[in-house]
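Me: Could you take me through one part of this model in detail? I'd like a close look at the sheet, how its strands pair and what packs on it.

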Amino acid sequence: MKKRLLCAAAALLLLCGCSLEALREMDRPGGPFENDLDSARGYLLGQLRDKYGVEFSVVGEESLENYGPLAGATYTCDAAPVDDPERVTTALVSQTKYRKVRDDYARYFFREEAEAPARERLEGIDFVWFCAVELRLPQTSKTWNPEDDLRIFLETSGAYLDIKVYLEEGKTDEEYAGQILDLLENVRELNANSRMSVLESEKEYLYWGIVTALGEAPTPLPTKEEILEQMEISRMM
């Protein structure tokens, strides 16, 4: 509905000699911040401070996009606590739909506890040359705290483990497919959903897939034949 109204307003303004660019620059009355970087930045940082109880500052890229008087402006940036600048979060607010800040900062509360079992399990597999594990979280307006239960967080927040596994070079496709299936079985034993990439040393991707371990109906693992097929497709890309 809003899109139709915006299109109608744009058409009317164009007929009246007003450009679409001019429409985009028009203010949206009643927004929580003005259509300028200083106002948007201050609003977002204040939202983060109220949400987590610490002062934040912008530490990376920032962007303010104005979508006109109906949709309003959206501001995004990379921010981090003033006293802990390594904990960078990408955050977003808007004058309309997302007035409550959306960010992925809460992953830092749980990452050590969530990542350690995966790293320990994978590093104990003899054919794994190297692995990297990182907890990721979709931007959310929900407030999570360090005291919250890890399992509830992993089950309900959309968080997942981003896993990259590097295998030794020189194996046949059949051998790699067997190793990948073994990896998938190990990852499914973790109490977290995962996105797993498998590479041959540092040269090329062998496999990419989602492993759903939580929820009422975890997805079945691929067969060895399906893994071989995906390996073939990966090499063609």
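What follows is a walk through the sheet, strand by strand.

Reply: Sure thing. Keep in mind that this is a predicted model. The sheet is an open one, built from three strands in the order 1-2-3, with antiparallel pairing. Strand 1 (56-66) and strand 3 (89-94) sit at the edges, each pairing on one side only. On average, neighbouring strands are turned by 20 degrees against each other, direction ignored.

Now for the pairing itself. As a general point, strands of a sheet pair through backbone hydrogen bonds, in either a parallel or an antiparallel way. Here, strand 1 and strand 2 run antiparallel and are joined over eight bridges. If you want a spot to zoom in on, Glu65 has Thr74 of strand 2 as its bridge partner. On the other side, six bridges link strand 2 (residues 73-81) to strand 3, again in the antiparallel sense. Two of the pairs there are easy to pick out: Thr76 is matched with Leu92 in strand 3, and Ala79 with Thr89.

Then there's the helix. Helix 3 (residues 37-52) packs on the sheet and touches strand 1, strand 2 and strand 3. Its direction makes about 130 degrees with that of strand 1.

As for cover, strand 2 is mostly hidden, with seven of its nine residues buried.

One last thing to colour in: the largest nonpolar core has 55 residues, and Leu44 is among those that touch the most other members, along with Leu122, Phe153, Leu161 and Leu183.

Conventions:
Residues numbered from 1 in each chain as written. Predicted model: local features only at pLDDT ≥ 70, side-chain atom pairs only at ≥ 80, totals over all residues. Heavy atoms only, no water. Pairing = 2+ DSSP bridges. Helix = DSSP H or I, 4+ residues; strand = E, 2+ residues; numbered from the N terminus. Axes fitted to C-alpha atoms, helices over the stretch in contact; angles between N-to-C directions. Contact = heavy atoms within 4.5 Å. Core = buried A, V, L, I, M, F, W, Y, C linked by side-chain atoms within 4.5 Å. Buried < 20%, exposed > 50% of the residue type's maximum accessible area, 1.4 Å probe, protein only.
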